[in-house]
Each structure stands twice: as structure tokens, then as C-alpha cells.
Amino acid sequence: MSYQTQNELEHFIFGEAVVEDFRPSPGGFTLLLDNVRILPENSTNRDIRTMRCNELALKVENGKIAGLFEESYKVYDADFRLIQETPERAIPGEEWEAVLKNLLGCELDELRQENERYIVCIRGEDHTYRLELEGTGDHESWEKYLNL
């Protein structure tokens, strides 16, 4: 990859990025993302404006899944009467692979780091999911800059 950064999550905007792939491996966990915005503060951005890129590989070093959650949601009828309320559900480990496969092509609402935990909020077809990864750092790489 032509451009690489390390531990610079705050210099990217991941909202509306599209998940192309999830790649767990012994050395970490990699997300392949399209439509990631790169802020001018990024160490590799030579421009004075926000740019974007496709095929950004975000590797969480020594990353492993700490949890995958189907977030709570409410369903209302046309008159705004509550029909159904579903609490947050922790997805069992044996279902992780199938659920992540169904989330390919979906957009991120956000991706943030809290200490050594990476929180990835993914907008599924009809509600949202939260992937929590534990890791010791992150490494971002991509091929080229694109205009917004």
C-alpha cells in the first residue's frame, strides 16, 4: 500500500464508510473499508482539505472480537404507537461469522477507540450492530487519495 499510518484513528471519518470485508487472523483483525474520509490533520495528507479513499485496510493489532451485539430497537405503527421493543442482544460466538458475513456492504455509523477497545457501529439492513474488538494498536493503509 502507498500510504500508511499508525494509531491515527482520530484523523479519519468512518461514518458512512462501507464494510467490504472482515478478516480475522492470528496477528490481528482487519476491516477492509470503502468511502473513508481522511482529514487534513492526517500525517500523510499533503492537501489542506478532507479527502477520501477506498480499500482502506484497518488492522487492529493483536485484535480479537470481544463481543458482537445486535443493538436495541423499537418498532412503531403509522400512528406512532409502540408495537415492539427489542432489547440489546449479545450474539453468541458461534454466530459471529454468519452475522459478519451478512453485514458486508453495510455502512458504518462510527468507529472509535476507547482505551484498548475498538467500537465499530454498523448499520445493518433494518437495525444496527456493534462490534467490539480488543487490541493493542491500529494500522491503516490505502493505495490512493480521492476527491470528495
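In which strand is Lys59 found? Lys59 is found in strand E7, where strands (E, at least two residues) and helices (H or I, at least four) are DSSP runs numbered from the N terminus. The model is a predicted one, in which local features need pLDDT of at least 70 and side-chain atom pairs count only at pLDDT 80 or more, while totals for chains, interfaces and linings use all residues. Residues are numbered from 1 along each chain as its sequence is written, and side-chain values use heavy atoms, with hydrogens and water left out.

The overall picture comes first. The protein has 15 strands and one helix, and its C-alpha atoms fill a box of roughly 50 × 40 × 25 Å along the principal axes. Of the 148 residues, 44% are buried; buried stands for under 20% relative accessible area, exposed for over 50%, and partly exposed for what lies in between (1.4 Å probe, protein chains only). The accessible surface comes to about 8400 Å², with 45% of it belonging to carbon and sulfur atoms, as given by the Shrake-Rupley method with a 1.4 Å probe. Among contacts (heavy atoms within 4.5 Å) between residues at least 6 apart in sequence, 62% join residues at least 24 apart.

Turning to the interior, the largest nonpolar core has 33 residues. Such a core is a set of buried Ala, Val, Leu, Ile, Met, Phe, Trp, Tyr and Cys residues joined through side-chain atoms within 4.5 Å. Those with the most contacts inside it are Phe14, Phe22, Leu33, Leu56, Leu108 and Leu131. Leaving aside residues up to four places away in sequence, Leu33 touches partners including Phe14, Leu56 and Leu108, along with Asn54 and Glu55. Glu55 itself sits in the loop between strand E6 (51-53) and strand E7 (56-61), and has a positive phi of about 55 degrees although it is not a glycine. Asn35, likewise not a glycine, has a positive phi of about 60 degrees; Asn35 lies in the loop between strand E4 (28-34) and strand E5 (36-38) and counts as partly exposed because its relative accessibility is 27%.

Back in strand E7, Lys59 counts as partly exposed because its relative accessibility is 30%. Beyond residues up to four places away in sequence, Lys59 touches Gly27, Gly28, Phe29, Thr30, Gly137, Asp138 and His139. Thr128, in strand E14 (residues 128-134), touches among others Phe69, Glu70 and Glu71, with the same sequence neighbours left out. The C-alpha atoms of Thr128 and Leu108, 20 residues apart along the chain, are separated by 9.3 Å.

The largest pocket holds about 200 Å³ of space. A pocket here is an open set of points on a 1 Å grid over the protein atoms alone, where a 1.4 Å probe fits, with protein on both sides within 12 Å along at least five of seven lines; lining residues have an atom within 4 Å of a point. Grid points are joined across faces, edges and corners, and the volume is the space filled by probe spheres set on them. Strand E3 (18-25), strand E8 (64-70) and helix H1 (96-102) each supply at least two lining residues, and H1 gives the largest share, four residues. The lining includes Phe22, Phe29, Trp96 and Glu97, and divides into seven nonpolar, one polar and four charged residues (Ala, Val, Leu, Ile, Met, Phe, Trp, Tyr, Cys and Pro count as nonpolar, Asp, Glu, Lys and Arg as charged, and the others, Gly among them, as polar). Glu97, placed in helix H1, counts as exposed because its relative accessibility is 69%.
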